[in-house]
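Here is a briefing on one structure. Please keep the sequence and the model open while reading.

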Amino acid sequence: MSEAIGVQPVNPVEPFLRTERMPHIWCPGCGIGTTVNCFARALVSSKLPLDKVAVVSGIGCTGRVAGYVRLDSFHTTHGRAIPFATGLKLANPELTVVVYSGDGDLIAIGGNHFIHAARRNADIKVICVNNFIYGMTGGQVAPTTPTAALATTTPYGAFERPFNLPFLAESSGAVYVARWTAYHVRHIAHSMSEAFKKKGLCFIEIIAPCPTLYQRRNHFGDGLEAMRYYKQKSVVRNGANTRDVQIDLQGEIVVGKFVDIERPTLKQAMDLQLRQKLDLPPSNGGGSHELD
Amino acid sequence: MPETLTPIISSRKVRGRVYVDRNRCKGCGFCIEFCPPKVLSFSASFNEHGYHSPELVRPEGCTGCDLCGLYCPDFAIFAVREPRPVPSAERGASET
Ligand SMILES: Cc1ncc(C[n+]2csc(CCOP(=O)(O)OP(=O)(O)O)c2C)c(N)n1
Ligand code: SF4
Ligand code: SF4
Ligand code: SF4
């Protein structure tokens, strides 16, 4: 093979990575890195000033994203990404605040924060990488593990009913809800850029392979096998009723953008009330609801 | 500096150029499986961590769509698109 001519282009994800920390810890065929490519493409296309973007993660394999992106980021304690992000956004409203974490972190230990942030419509963008298991700690059952799936803590199969995350997000009050799998790379990037533009709590669930723990324990093959399953068994149904998008073990995965509505954010509601009660003049122009 | 694989001139209006950082690859096969024109394949050799990284086996078929770059969980591959240099005779013909 001949040499490339002229200046070498760089991988589009490279400027967003702390390359000195590469290679990352993620296993071969783990889907988390794939979602980071989509995130980088979405940041490029949305033209956000990068010094105004912050990434907040909790603990877990997915939580590592905060440590790998070359952006202002914070790796919180387990489950606490959302309250940290909510405070960050309220204190510094010009930031685009992205919460990037796993299903266990966001929905198990962090579940209460999640429903209340959605209820209050905090202006944060929540990206949840759902690999159906606690990856980092060795494959314990999660509130997202499909019924009958094997985990280290469910040797006879999970017997509980898992959360249907888009339904949980919508019924709690999120204004934007989408689900994709790691196979749907362009859709993920598109949804992320839509979420960056939108005010309020946006939730994007990304079903992604954990070959080391979920796939292997269940004899579902490697990461590539998981990606083939997503390709074969997912159906795009934009606008689907989120009640109907529950995932069963190796069953159909309904993907798409399910919710995209408008509702005042936490800060808008608070500012509006203060203006009314304190008899302040309405905010001047620019659609800004800030109390200056 | 990533090792590069340079495609030969393709017959398409655009052609792709694929860059592989071999030693970052963990051999998951995502790029190979989901490349639409199936122009990638595992190399026979191992990289320094013992994985088979991809190589471009049909360079003329690569469109530079960068799906390989979007899929790669290890940031080891990406592609760019470049216009095919139009031979001067052909350029004259298309203007008439
Ligand atoms: C307070 C506290 N409890 C428990 C843990 C152990 N712990 C670390 S990561 C994790 C779960 C991670 O699962 P998930 O969020 O799904 O992320 P993944 O690793 O699968 O990406 C747990 C229980 C912890 N770090 N802190
Ligand atoms: S344990 Fe699972 S989630 Fe964690 S890096 Fe490995 S494959 Fe990914
Ligand atoms: S750029 Fe597209 S066509 Fe070329 S190798 Fe990558 S996926 Fe295949
Ligand atoms: S997607 Fe990346 S890690 Fe996987 S085989 Fe291709 S280059 Fe290697």
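The points below cover the contact between the chains, then the ligand surroundings.

This is a predicted model. Chain B and chain A bury about 2800 Å² between them. Ligand 4 sits in the largest cavity, and ligand 3 in the second largest.

**Interface of chain B and chain A**

- Chain B brings 30 residues to the contact, and chain A brings 37 residues.
- Carbon and sulfur atoms give 60% of the buried area of about 2800 Å².
- On the chain B side, the most area is lost to chain A by Phe30(B), Leu70(B) and Phe75(B). Together these residues account for 26% of what that side buries.
- Three salt bridges are found across the interface.
- A salt bridge joins the side chains of Arg24(B) and Glu14(A), at 2.8 Å from N to O.
- Polar contacts between chain B and chain A number 14 residue pairs, with both residues at pLDDT 80 or more.

**Ligand 4**

- The largest cavity holds ligand 4.
- Cysteines around ligand 4 are Cys25(B), Cys28(B), Cys31(B) and Cys72(B).
- Also around ligand 4 are Lys26(B), Gly27(B), Gly29(B), Pro54(B), Pro73(B), Asp74(B), Ala76(B) and Ile77(B).
- The shell splits into eight nonpolar, two polar and two charged residues.

**Ligand 3**

- Ligand 3 occupies the second largest cavity.
- Its surroundings comprise 14 residues. The closest are Cys35(B), Cys62(B), Cys65(B), Asp66(B) and Cys68(B).
- By class, the shell of ligand 3 has 11 nonpolar, two polar and one charged.

**Ligand 2**

- Chain A residues surround ligand 2, among them Cys27(A), Cys30(A), Cys61(A) and Cys210(A).
- Trp26(A), Asn131(A), Pro211(A), Thr212(A) and Leu213(A) are also around ligand 2.
- Seven residues of this shell are nonpolar and two are polar, with no charged residue.

Technical notes. Residues numbered from 1 in each chain as written. Chains lettered and ligands numbered in written order. Predicted model: local features only at pLDDT ≥ 70, side-chain atom pairs only at ≥ 80, totals over all residues. Heavy atoms only, no water. Near = heavy atom within 4 Å. 1 Å grid on protein atoms, 1.4 Å probe; cavity = no way out; pocket = protein on both sides within 12 Å on 5 of 7 lines; lining within 4 Å. Sits in = over half its atoms within 2 Å of the grid points. Nonpolar A, V, L, I, M, F, W, Y, C, P; charged D, E, K, R; others polar. Contact = heavy atoms within 4.5 Å. Buried area = accessible area lost by both parts, 1.4 Å probe. Salt bridge = Lys/Arg side-chain N within 4 Å of Asp/Glu carboxyl O. Polar contact = N/O pair within 3.5 Å; in protein donor to acceptor, adjacent residues only side chain to side chain.
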